[in-house]
Every structure is written in C-alpha cells, then in structure tokens.
Amino acid sequence: LAPGSRIGPLAELVLVFAARADHLREVIEPALAAGEWVVCDRFTDASYAYQGGGRGLPEASIAALEALVQGPLRPDLTLLLDAPPAVTDDRLRQRAPADRFELEEGAFFARVRAAYLERARREPDRIRVIRTDQSLDAVRQDLAACLDPFLASQRGKAGKPL
C-alpha cells in the first residue's frame, strides 16, 4: 500500500487473495467453526471493485480465485457504504497519510464505485447500499433497517441466541 510502490494489477489481485486465504484459515474459519459471528471490513466484493472495476481485470479471473480460495464460503450480508465521488474525495483529503489506493485518480474511484453498485444491483438480497452522504443519524437508521431484520432472521442459526 506504500505510495510509489510499483505493482501490476494481476500481482495485486493475487496478493490480495493470498492474504484473504490466510485470513480465512487463521481467523474466519475457526470463528465460524466455533459458532461465532464474523464481521469483515472489505471482502471479495472489494476485489471485484478495485482489481476488476478499478484496474480492469476480468471478472472471470477474480471469480476463479474466489472459488479457489473461498470454496462455497460467501457473506450472508454485505453493507455497501456509498457516497458520491465529491464526498469521498473530500473525506480522503482529510486523512493522512494517503496509501497507494487513495492516491489514485478520480476516474479509478468512479470505476470502483460503479463496480460495487453493479454487484449490489445483481445481488440485492445480500448487498445493501447505505448512502453515507446523509446525516449520521440517517445512516444509523438505514443500518438498523438492514441489520434488524437480518439479525432477527438469524436467531439461533449460529448456535447462539442473539
């Protein structure tokens, strides 16, 4: 992620999936086997967005790695926190220091966002879009509107009451 590092799109994709494979083996799979809930910040949808949409790698290549690394394991629910590019740009400028991704041009982020939104359009039962360009209270309400019914439908499925 270091600014100025030079890595090609395919190498980036393979490295992301290598890290994901290790994270699955070390953290996610043991937690699921113990009946625990797992919450991840970014998962395979991010690869479809960043390496697919942003870098232009074929979706079929990402899907092949997804099948190899994850097998049938997929998230039950994905919350896509979305904001228009102007809002995102402003928020990124407030962070320091920027990493290699954050230094990308606006066109890159437009492609990433479009890829995320397309995945949400294709899988509306799993991927819920939360607009983050509204008040914090409105974002909280939207999150609750997604999470409350989901959590109610999951009672007892993980081996524990919620």
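Over the ring of which residue does the charged end of Arg119 sit? In this predicted model, the ring belongs to Tyr48, and the charged end of Arg119 lies 3.8 Å from its centre.

**Around Arg119**

Let's stay with this arginine for a moment. Arg119 is part of helix H5. Its relative accessibility is 9%, so Arg119 counts as buried, the limit being under 20%. The side chain of Arg119 also makes a polar contact with the side chain of Asp45, at 2.7 Å. Leaving aside residues up to four places away in sequence, Arg119 touches Asp45, Tyr48, Arg126 and Ile127.

A second arginine has a ring partner as well: the charged end of Arg20 sits over the ring of Phe43, 5.5 Å from the ring centre.

**The nonpolar cores**

Ile127, one of the residues that Arg119 touches, also belongs to the largest nonpolar core. That core has 11 residues, and alongside Ile127 they are Ala46, Ala49, Tyr50, Leu80, Phe108, Phe109, Val112, Ala115, Tyr116 and Ala120. Two helices, H2 (44-54) and H5 (106-122), each supply at least two residues of this core. H5 gives the largest share, with 6 residues. Separate from this is a second core of 6 residues, among them Phe17, Leu57, Ile62 and Leu65. As general background, nonpolar side chains in soluble globular proteins tend to be buried together.

**Aromatic rings**

The structure holds 4 aromatic pairs. Two of them are set out here, and Phe108 takes part in each.

| Pair | Geometry | Centre to centre | Angle between planes |
|---|---|---|---|
| Tyr50 and Phe108 | tilted | 6.0 Å | 55° |
| Phe108 and Phe109 | edge-to-face | 5.3 Å | 80° |

Which parts does the pair of Tyr50 and Phe108 tie together? Tyr50 lies in helix H2 and Phe108 in helix H5, so this pair links parts that are 58 residues apart in sequence.

How accessible are these rings' residues? Phe108 has a relative accessibility of 2% and therefore counts as buried. Tyr50, at 13%, counts as buried too, and Phe109 is buried with a relative accessible area of 16%.

Tyr50, Phe108 and Phe109 join Tyr116 in one aromatic cluster. These four names also appear in the list of the largest nonpolar core, so you can look at the cluster and the core together in the viewer, starting from the tilted pair of Tyr50 and Phe108.

Notes
Residues numbered from 1 in each chain as written. Predicted model: local features only at pLDDT ≥ 70, side-chain atom pairs only at ≥ 80, totals over all residues. Heavy atoms only, no water. Core = buried A, V, L, I, M, F, W, Y, C linked by side-chain atoms within 4.5 Å. Buried < 20%, exposed > 50% of the residue type's maximum accessible area, 1.4 Å probe, protein only. Helix = DSSP H or I, 4+ residues; strand = E, 2+ residues; numbered from the N terminus. Phe/Tyr/Trp six-rings, centres within 6.5 Å; stacked < 30°, edge-to-face > 60°. Lys NZ or Arg CZ within 6 Å of the ring centre and 35° of its normal. Polar contact = N/O pair within 3.5 Å; in protein donor to acceptor, adjacent residues only side chain to side chain. Contact = heavy atoms within 4.5 Å.
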